[in-house]
Structures are given as structure tokens and as C-alpha cells.
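Welcome! Here is a short guided tour for anyone opening this structure for the first time.

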Amino acid sequence: MKQSEVIEIFEKSGALLHGHFILSSGLHSSVYLQCAIALQSPSVAAKFGSAIADQFRSHGIETVASPAIGGLIIGYEVARRLNVRFIWTERENGVMTLRRGFRVSEGERILVVEDVITTGGSTRETIDRLTKAGAIVVAAASIIDRSDGRADVGRPRVSLATVSVPSVPPSDCEPCQRGEIATKPGSRIVTA
């Protein structure tokens with residue numbers, strides 16, 4: 001799947017938003033990629049999931065894991081395409097954890113899948129949690145990399161589309177300095 005196809009799907013579905021946004025990292029941006037809008041179409045989710053899975057068919061992946069909530073749909077689709085188990089991590093008291101009875105085995109080969117990576121924070125936390133539980137995290141993947149390739153998650157990483165969209169701390173945000181209100185379309189915000 002070509003990067004231009006991914007961006008076109010986001011544009012046509014209304015998932016590529018322009019305005020003044022607060023990202024889940026707490027940074028501010030004039031562009032927001034709302035994967036939930038794009039992934040509300042099962043055919044789009046299947047297409048993205050297949051494109052990611054195709055890159056990992058020879059890696060011996062036993063399980064796909066995603067950070068909740070953004071990575072759930074795409075993670076499930078990748079696992080379905082690889083015909084492997086799917087689990088997720090979620091925050092409990094601010095700490096990424098395995099809940100709901102999910103367990104990993106010593107040496108279990110896992111692919112971590114996220115919808116959008118900006119700083120890589122949620123992906124890194126998921127990798128750390130799985131590694132501490134004894135798994136081998138082989139790689140990470142996402143639909144969108146909005147870090148322009150700069151986010152380091154400590155593992156090899158692929159994305160279907162890489163974009164360069166500036167994101168800044170609120171203190172450096174020009175719309176904030178003009179008094180414009182920022183919206184938070186995402187599911188989580190990090191507090192410092």
C-alpha cells in the first residue's frame with residue numbers, strides 16, 4: 001500500500017483534520033489524524049491491517065499487542081491477517097498494564113501495533129510492559145508516523161504513511177498565544 005493511498009483514505013473519510021489540536025502526548029498541532037474516523041469502515045481497517053501484516057509474515061509473530069484505545073482496531077486486524085492472538089495493554093493508575101486476564105509466555109514473539117505514533121510514548125510503554133513480562137517484542141508498526149521517522153521506540157518500526165506535521169509544547173503554540181482554544185479529539189492526554 002502506497003503512502004499516498006493511506007493519506008487519500010484519511011482525506012476522503014474526513015479523518016485528516018485541520019485546526020488547533022491537543023495531541024495525546026500533550027503537544028499542540030494544526031493537523032490531527034483521527035484514525036477512529038478512517039477505521040470505522042471495516043474495509044479500510046482490513047486494508048490497513050493486511051498492509052501491515054504483509055510486512056511481518058516471515059517474522060514468526062505469535063501475538064499482536066496494542067495500547068488501548070487507539071491501537072485496538074488496527075491491532076486486531078493485523079492479528080487477524082497474521083492469524084495470531086491479539087491482546088492489549090491499558091492504563092491502570094497511569095501505568096500501562098496487562099489486564100483482563102491477558103498473559104504472555106517467556107520468549108513469546110510479539111508485534112506491537114498502534115494507530116498513530118507521534119512521540120512513541122504509548123508504544124514504548126507497551127513494549128516495556130511486555131518485555132518485563134518475558135515476551136520478545138520483535139518490532140512495532142503503525143498506520144501513521146507523524147514524527148517523520150524520528151520517534152524511537154527501541155525496536156524496528158514501520159508505518160504505512162510517514163508525515164511531517166509540526167507539534168509543539170503549549171508554551172510555544174502560536175494559536176494558544178493568540179488566545180485560540182485547542183480541541184482534544186483523541187482519547188488520552190499526558191500530564192507533566
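The tour goes from the sheet to the helices, then to the cores and to one histidine.

**The sheet**

Please keep in mind that this is a predicted model. A good place to start is an open sheet of six strands, ordered β5-β4-β3-β6-β7-β8, with mixed pairing. Strands β5 (95–98) and β8 stand at its edges; each has a single partner strand, so one side of each is left without a neighbour in the sheet. On average, neighbouring strands of this sheet are turned by 25° against each other, direction ignored.

Further in, β6 and β7 pair in the parallel sense, over eight bridges. If you would like one pair to look up, take E114, whose bridge partner in β7 is S142.

**Helices across the strands**

Two helices that lie across strands can be set side by side:

| Helix | Strands it lies across | Angle |
|---|---|---|
| α3 | β6, β7 and β8 | about 140° to β7 |
| α5 (residues 121–132) | β3 (63–67), β4 (85–92), β5, β6 and β7 | about 165° to β6 |

**The nonpolar cores**

What is the number of residues in the largest nonpolar core? This core has 36 residues, and those with the most contacts inside it are F10, F48, L111, I143 and I144. Elements giving two or more residues to it include the helices α1 (3–13), α2 (35–39), α3 (42–54) and α4 (72–82). The strands β2 (28–33), β6 (109–117), β7 (136–145) and β8 (157–162) also give two or more residues each. The largest share, six residues, comes from α3.

F48 is a helpful residue to click on here. Leaving aside residues up to four places away in sequence, F48 touches M1, V6, I9, F10, L39, I74, I143 and L160. There is also a second, separate core of 13 residues, with F102, V104, V112 and A140 among them.

**A histidine in β1**

Our last stop is H20, which lies in strand β1 (residues 16–22). Is H20 buried or exposed? With a relative accessible area of 8%, H20 is buried, because the cut-off for that word is under 20%.

Which residues does H20 touch, not counting those up to four places away in sequence? They are H28, S29, C173, P175, C176, E180, I181, A182 and T183. I181 offers one more detail: its backbone oxygen lies 3.5 Å from a polar atom of the H20 side chain.

Technical notes: Residues are numbered from 1 along each chain as its sequence is written. This is a predicted model: local features need pLDDT of at least 70, side-chain atom pairs count only at pLDDT 80 or more; totals for chains, interfaces and linings use all residues. Side-chain values use heavy atoms; hydrogens and water are left out. A nonpolar core is a set of buried Ala, Val, Leu, Ile, Met, Phe, Trp, Tyr and Cys residues joined through side-chain atoms within 4.5 Å. Buried means under 20% relative accessible area, exposed over 50%, partly exposed in between (1.4 Å probe, protein chains only). Helices (H or I, at least four residues) and strands (E, at least two) are DSSP runs, numbered from the N terminus. Contact means heavy atoms within 4.5 Å. A polar contact is a pair of N or O atoms within 3.5 Å; within protein, one must be able to donate a hydrogen and the other to accept it, and residues adjacent in sequence count only if both atoms are side-chain atoms. Two strands pair if DSSP finds at least two bridges between them. Axes are lines fitted to C-alpha atoms, for helices over the stretch in contact, and angles run from 0 to 180 degrees between N-to-C directions.
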